[in-house]
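Reader: I would like a close look at a single part of this model, a strand, with the cut-offs stated. After that, please set that part against the rest of the structure.

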Amino acid sequence: MSARGPRDDGAGGDRRSFLRGALAAGVAGSLAGASASAAAAPADRATTPPARPFHGVHQAGVLDRSRPRTIVVSLDVIASGRGELTEFFRTLTDRARTLTAGGAPDDSGISGPPPDSGVLGPDVPAGGLTVTVGVGASLFDDRYGLASRKPAGLKPMRMFPNDDLDPDWCHGDVSLQLSAEDDDTVVHALRDIARHTRGAAQIRWRMSGFTSPPRPSGTPRNLMGFKDGISNPDATSAAEMDRLVWADRSREPAWTAGGSYVVIRLIRMLVEFWDRVGITEQEQMFGRDRATGAPLDGTREADEPRFAEDPIGKVIPLTSHIRMANPRTPQTADSRILRRSYNYDRGVDSVGDLDMGLVFTCYQQNPERQFEAVQERLIDEPLVDYITPFGGGYFFALPGARDSKDFLGRTLLA
Amino acid sequence: MRTPFLVVSVALLLASAGDARPTLGAPRPAAIEASTTGCGTGWTHPHAGGQVLTLRNDGATAAGVMLVDPSSGAVYAEVEGLGPGVTRRLHLSLGGGTYAFRCEDDRAGDPVTGPSVRIAGGRGSSVAVLPVTNNDLYAPARAYSKYVDAGLDRLIAATDRLRAAVDDGDLGAARTAWTPAHVSYERLGAAYGTFGDFDGAINGGPAGLPKGVHDPDFTGFHRLEYGLWHGESAASLRKVADRLAHDTRALKSDFPHQRMDPADLPLRAHEILENTLQFQLTGTADQGSGTTLRTAAANVEGTREVLGVLRPVLRDRYPALSQVDTWLDRLDAQLKGRSSVDGLSTAERERLNGTAGRLLELLAPIATLAEPRRVS
């Protein structure tokens, strides 16, 4: 493949250039057909991330590059009947709209406890928050009469041979991803949304994640020390996104227009084991140089690997991750996925090893054609000894809310 | 925060904190006066819509100040314990109407109502609620005390049956008698100090005791539960049962002297079920009987009683009261026929937890809006 996502080079490590990337992705979303959104008008760009426009054909947070902080949540809907389900999506949208715009909430006087947790102070800055909502296959069971409206490719996450899935960390009726510049922004948003939707949905599982700053430049590194997500489709190309990310009108129910499939995989990395592996073996497992991120046949991370010139894998082994995941052939071009992964870090396991890894998130037009095809090629890759996928799910990221009267899920529930 | 006397003590602390006063001569931003002298003066440009009003107490003692509708006395906003020299901001969204500030200090004098301010046009989202007085809560508190008193008689009778079974050495009968006795206590809605030290002795858990379930200070229903469901002998449990029966009688004879503080009643509206969510729906209170959901159902009964006696006060003040009833019914339906969270599916527990959570969100405002306030 030749196209790549927006990327910071050496000069791009600061917060504001990151935001430019996020906004560029947002603009790309608009170009793909969104109604024009109000331009962000931050009071102080130097200290306050601008509000990310909420309305559009697509949801924010799909094309946006991974933000410094995220929370991924899976919810089970407990709403009683279709009316309460609709109310849930309306409330969720109202809160997302309010939170992503920011602004001081009114005092509640003596009518009740304060309406806001206060975590972000009295003025509640938007903090660059994005809220991205998806629906899982289980929402289309017999509870809400939605069976006939299920997106063509939506199903429960498959179990792959190298997985060790824990049911408590899998699936869910609704996915909710909150991303922003700061931890307090996403935590505040989660508390607010949970409070307003209590009784309609319960959190099934959740994972906090972060994106490292470029070290020293370029694509951020994962917790194995390798740059992760170097080779991504070009999120600024509307045509490429139409081919690879947005729902395919010829195959999907009409209500899905503007949506996308999101695959979330919670992947534990056995970092102690990994740190005991020699550098050559590490690099051959990935197919990249750890220091620069360059493919083993190149010198810069942006260099395209030339697999055709190395048919027996003398330089980049045939079993390396980058070669198995994306062989760069015409036949595999339509299996490319838009990766938006985060690192996670959450304490220790029962033998005292660190529990950390990857919240792998990718967007695509068709999970079988894309994520699953990639994952099948990766079965039994050498890297599997050092990673354990244990949770996650398949969801369909809803079309965006067009304007202040619209709500996420309207076309699904109409 | 849970008890009104704390608010008073904070006010007194602020009143004595002399360094909270700004240095004389320093420029002061425009603010609305919150002391009893000049109450409400300085509101320069009253207008409809979202706004921030800055209040400052230029008096010598702590002040309480409310923004009210002077015709009805309904309260839009309140600041308690505003210390001398202290400034506080209110975020409000005011609609067209008449407004006035009402100020009181911590001395005996009556509250002072400042000048009425007319605002034209516009709709606001700030809600005004008619304040509840101590007087309003006397009758509900009396009715609730009566409920507790009658419940204590049933508790004593049920606990006596439990003790008799233990004394007889019939541990099967004791296990059968344990649950009705325990839920007769849980129905009383004891939360956060209603029954003082008796609650710990009668219904405490092992948390906070150095030797846990084997700590000599672990007493009451849960100590007995632990023994009855962990193979302890009748002989070893006799003392526990005797002590429990004794403590329930002591509670009964002590209760009239405790005289429930009417101000506690609105707090109970959500606090009883906050405990239920924390200890019963999680299953952590279980010491072997597997009855935490029966406890939860008894707690719902206690909450219903609190709401029942408060209903006359809430009816015209709390628009979500009918939703409270709906979700109480839902929670009851979720609990019906269930005893333990063990064996419930993930979906069943999610429904139960989410129902309790929503109910708590709906109950919480009652604590704020029915907190007794001085109006004259």
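Author: A residue is called buried under 20% relative accessible area, exposed over 50% and partly exposed in between, with a 1.4 Å probe and protein chains only. Strands are DSSP runs of E with at least two residues, helices are runs of H or I with at least four, and both are numbered from the N terminus. The model is predicted, so local features need pLDDT of at least 70 and side-chain atom pairs pLDDT 80 or more, while totals for chains, interfaces and linings use all residues. Residues are numbered from 1 along each chain as written, chains are lettered from A and ligands numbered from 1 in the order written, and side-chain values use heavy atoms, without hydrogens and water.

The strand chosen is β3 of chain B, residues 63-68. Six of its six residues are buried, so β3(B) is largely enclosed by the rest of the structure. In a regular strand, side chains alternate between the two faces of the sheet. In β3(B), B:A63, B:V65 and B:L67 point one way, and B:G64, B:M66 and B:V68 point the other way. Both sets are buried.

What does β3(B) pair with? Two strands count as paired if DSSP finds at least two bridges between them. One partner of β3(B) is β4(B), residues 75-82, which runs antiparallel to it and is joined to it by five bridges. Within that pairing, B:M66 has B:E78 as its bridge partner. The hairpin formed by β3(B) and β4(B) has six residues between the strands, and there B:G73 takes a positive phi near 85°. Another partner is β6(B), residues 97-105, also antiparallel, with six bridges to β3(B). Here B:V68 is matched with B:A100.

Chain B also has an open sheet of three strands, in the order β1-β2-β5, with mixed pairing. Its edges are β1 (32-33) and β5 (87-94), each with a single partner strand, so one side of each has no neighbour in the sheet. Strand β2(B), residues 49-56, runs antiparallel to β5(B), and eight bridges join the two. B:Q51 stands opposite B:L92 of β5(B).

Among the helices of chain B is α2, residues 134-167, which holds B:D149. This residue is partly exposed, with a relative accessible area of 28%. A contact means heavy atoms within 4.5 Å. Leaving aside residues up to four places away in sequence, B:D149 touches B:K252 and B:F255. The C-alpha atoms of B:D149 and B:S253 lie 9.7 Å apart, although 104 residues separate the two along the chain.

As a whole, chain B has ten helices and eight strands. It has 376 residues, of which 51% are buried. Of its contacts with a separation of 6 or more, 73% are between residues 24 or more positions apart. The accessible surface (Shrake-Rupley, 1.4 Å probe) of chain B is about 16,800 Å², and 53% of this belongs to carbon and sulfur atoms.

Chain A has nine helices and nine strands. Of its 414 residues, 56% are buried. Chain A exposes about 16,400 Å², with 52% from carbon and sulfur atoms. Of its contacts between residues at least 6 apart in sequence, 77% join residues at least 24 apart.

The remaining topic is empty space. A cavity is a set of points on a 1 Å grid over the protein atoms alone where a 1.4 Å probe fits but cannot get out, and lining residues have an atom within 4 Å of a point. Points join across faces, edges and corners, and volume is the space filled by probe spheres set on them. The structure has seven cavities of 30 Å³ or more. The largest has a volume of about 700 Å³. It is lined by 41 residues, and A:H321, A:A325, A:R339, A:F360 and A:L378 are the closest to its centre. Helix α8(A) gives the largest share of this lining, four residues. Elements of chain A that each supply at least two residues include β5 (260-269), α7 (321-325) and β9 (387-397).

The second largest cavity holds about 70 Å³. Its lining includes A:D64, A:R65, A:R67 and A:Y342. Strands β3 (174-180) and β8 of chain A each give two or more residues to that lining.

Methods
1 Å grid on protein atoms, 1.4 Å probe; cavity = no way out; pocket = protein on both sides within 12 Å on 5 of 7 lines; lining within 4 Å.
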